[in-house]
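Let's take a walk through this model, starting with the empty spaces inside and then moving on to the ligand and a few odd bits of backbone. Keep the viewer open as you read.

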Amino acid sequence: MYPLTYVKPVFRPPSEWKSLILQVTNGCSWNKCTFCEMYSAENKKFKPKKIDLIENELITIAQSGLPTGRVFLADGDAMMLPFKRLKEILLLIKKYLPNVTRVSSYCLPRNLTNKTIEQLTELRELGLKLMYVGCESGDDQVLELIEKGETYQSSLIALDKIKQAGMKSSVMILNGLGGADLSQQHAINSAKLMNEAQPDYLSTLVVSFPLGRERFEQKFENTSSGSFTELSQQQLFEEMSILLNYLELDKTIFRSDHASNYLVLKGILGQDKQRLLAQVNQAIDEPRQVQLRQEWQRGL
Ligand SMILES: C[S@@+](CC[C@H](N)C(=O)[O-])C[C@H]1O[C@@H](n2cnc3c(N)ncnc32)[C@H](O)[C@@H]1O
Ligand code: SF4
């Protein structure tokens, strides 16, 4: 355990479990997505951390002697910090933790609007190599309903920029996000966005509402059906089958193993597409024959 004081709760991508979590901001500067309660606690109001505090934390880690190979910049969208501040942080990481080989961060597409490809390339050269982008959907109607503040096009522009800067991207798509009515268009347009962007990593999570879904459901009152119908387990698999069917990826590491998923899927797309589709289709046709996570084993 790293000897740092965090403003909790702190979230990180599952694959960053070994990394030093360096809290360079608190909360999320947007904090409006209707499905997300991660930074809704009173103590999680968005605030960048002062640079001297960040430096002190890096000195503490360096003095602790703990081996640190990777750093994840928390919280929800550290990439909202201006280029100059990100550069300062990366230089400090290099100074105090010279063995770090990769720095990563969550990133909203609009965090990159005012950053040029040259600036992003410079950040990548200083170690910032991986962006986790919560696209959640490629469907503009769904994106509007969940108040993501992004569109298919804005997401694609950001993913292209990340690629042009030589960084890697890891995209999250939420299974079940459009409910029953928008399931098909959510799956198809998410696949189209991924096909255009060709991210390095793609993961799917099942949308869950541990703190209730009132805020989320409200927005669906203005849709043609007037309400959000949550997908059953079977419908979640059917949506996943459509998504996989439409995905045409060249070399993307695909993971659907987050604790929110009932069915664990892992592979490389496209080479494993038929195997993954067969797994999902078996879960649809013969749910008793496949190993599924029980409700109590699921989480966020
Ligand atoms: C900690 S959030 C930070 C993401 C980052 N701010 C962004 O929007 O790109 C990481 C991811 O958790 C997932 N997430 C958040 N709330 C969720 C929920 N209620 N159900 C399922 N996944 C959720 C979303 O995919 C989100 O992008
Ligand atoms: S999903 Fe990301 S952008 Fe949306 S509120 Fe949560 S942390 Fe903020």
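**Empty space, inside and out**

This structure holds two cavities of 30 Å³ or more. Keep in mind that what you're looking at is a predicted model. How do you find such holes in the first place? Rolling a probe the size of a water molecule over the atoms shows where empty space is left.

Start with the largest cavity, which has a volume of about 70 Å³. Its lining is made up of N175, V206, L236, F237, M240, S256, N261, Y262, L263, L265 and V280. Which element gives the most to that lining? That would be helix α8, residues 233–246, with three residues. By class, the lining of the largest cavity has eight nonpolar residues, three polar ones and no charged ones.

The second largest cavity comes in at about 50 Å³. Select I173, L174, N175, H186, A187, S190, T204, E239, M240 and L243 and you'll have its lining on screen. Two or more of these residues come from each of β7, α6 and α8. Here the split is five nonpolar, four polar and one charged. If N175 and M240 ring a bell, that's fair: N175 and M240 line the largest cavity, and N175 and M240 also line the second largest.

Now zoom in on S190, one of the residues lining the second largest cavity. You'll find S190 in helix α6, which covers residues 183–197. Is S190 buried or exposed? S190 counts as buried because its relative accessible area is 0%. Setting aside neighbours within four places in sequence, S190 is in contact with S137, G138, I173, Q185 and L243. Of those partners, I173 and L243 are also among the residues lining the second largest cavity.

V142 is another one to look at. V142 is in helix α4, residues 140–145. With a relative accessible area of 0%, V142 is buried too. Again leaving out neighbours within four places in sequence, the contacts of V142 are S137, L177, G178, L182 and H186. S137 should look familiar, since S190 is in contact with S137 as well. H186, for its part, is among the residues lining the second largest cavity. To get a feel for distances, draw a line from V142 to V206: these two are 64 residues apart in sequence and 15 Å apart in space, C-alpha to C-alpha.

**The pocket and its ligand**

Next, turn to the largest pocket, with a volume of about 1200 Å³. Its lining runs to 45 residues, and P13, P14, Y106, M172 and L205 lie nearest the centre. Several strands chip in: β5 (102–106), β6 (128–136), β7 (168–175), β8 (201–206) and β9 (252–256) each supply at least two lining residues. The largest share comes from β8, with five residues. Sorted by class, the lining has 27 nonpolar, nine polar and nine charged residues.

What sits in this pocket? The largest pocket is where ligand 2 sits. Around ligand 2 you'll see C28, W30, N31, K32, C33, F35, C36, Y39, L108, E136 and K148. That shell divides into seven nonpolar, one polar and three charged residues.

**Backbone oddities**

One member of that shell, E136, deserves a second look. E136 lies in strand β6 and has a positive phi of about 70°, although it is not a glycine. E136 is also buried, as its relative accessible area is 8%.

E147 plays a similar trick, with a positive phi of about 55° despite not being a glycine. Where does E147 lie? It's in the loop between α4 and α5 (152–164). With a relative accessible area of 29%, E147 is partly exposed.

Finally, look for the cis peptide bonds. One runs from K8 to P9, with omega near 5°, and P9 is in the segment before β1 (20–23). Another cis bond joins L269 and G270, with omega at about 5°. G270 belongs to the loop between β10 (265–269) and α9 (273–285).

Note on methods
Residues are numbered from 1 along each chain as its sequence is written. Chains are lettered from A and ligands numbered from 1 in the order in which they are written. This is a predicted model: local features need pLDDT of at least 70, side-chain atom pairs count only at pLDDT 80 or more; totals for chains, interfaces and linings use all residues. Side-chain values use heavy atoms; hydrogens and water are left out. A residue is near a molecule or strand if one of its heavy atoms lies within 4 Å of it. On a 1 Å grid over the protein atoms alone, a cavity is a set of points where a 1.4 Å probe fits but cannot get out, and a pocket is an open set with protein on both sides within 12 Å along at least five of seven lines; lining residues have an atom within 4 Å of a point. A molecule sits in a cavity or pocket if more than half of its atoms lie within 2 Å of its grid points. Ala, Val, Leu, Ile, Met, Phe, Trp, Tyr, Cys and Pro count as nonpolar, Asp, Glu, Lys and Arg as charged, and the others, Gly among them, as polar. Grid points are joined across faces, edges and corners, and a volume is the space filled by probe spheres set on the points. Helices (H or I, at least four residues) and strands (E, at least two) are DSSP runs, numbered from the N terminus. Buried means under 20% relative accessible area, exposed over 50%, partly exposed in between (1.4 Å probe, protein chains only). Contact means heavy atoms within 4.5 Å.
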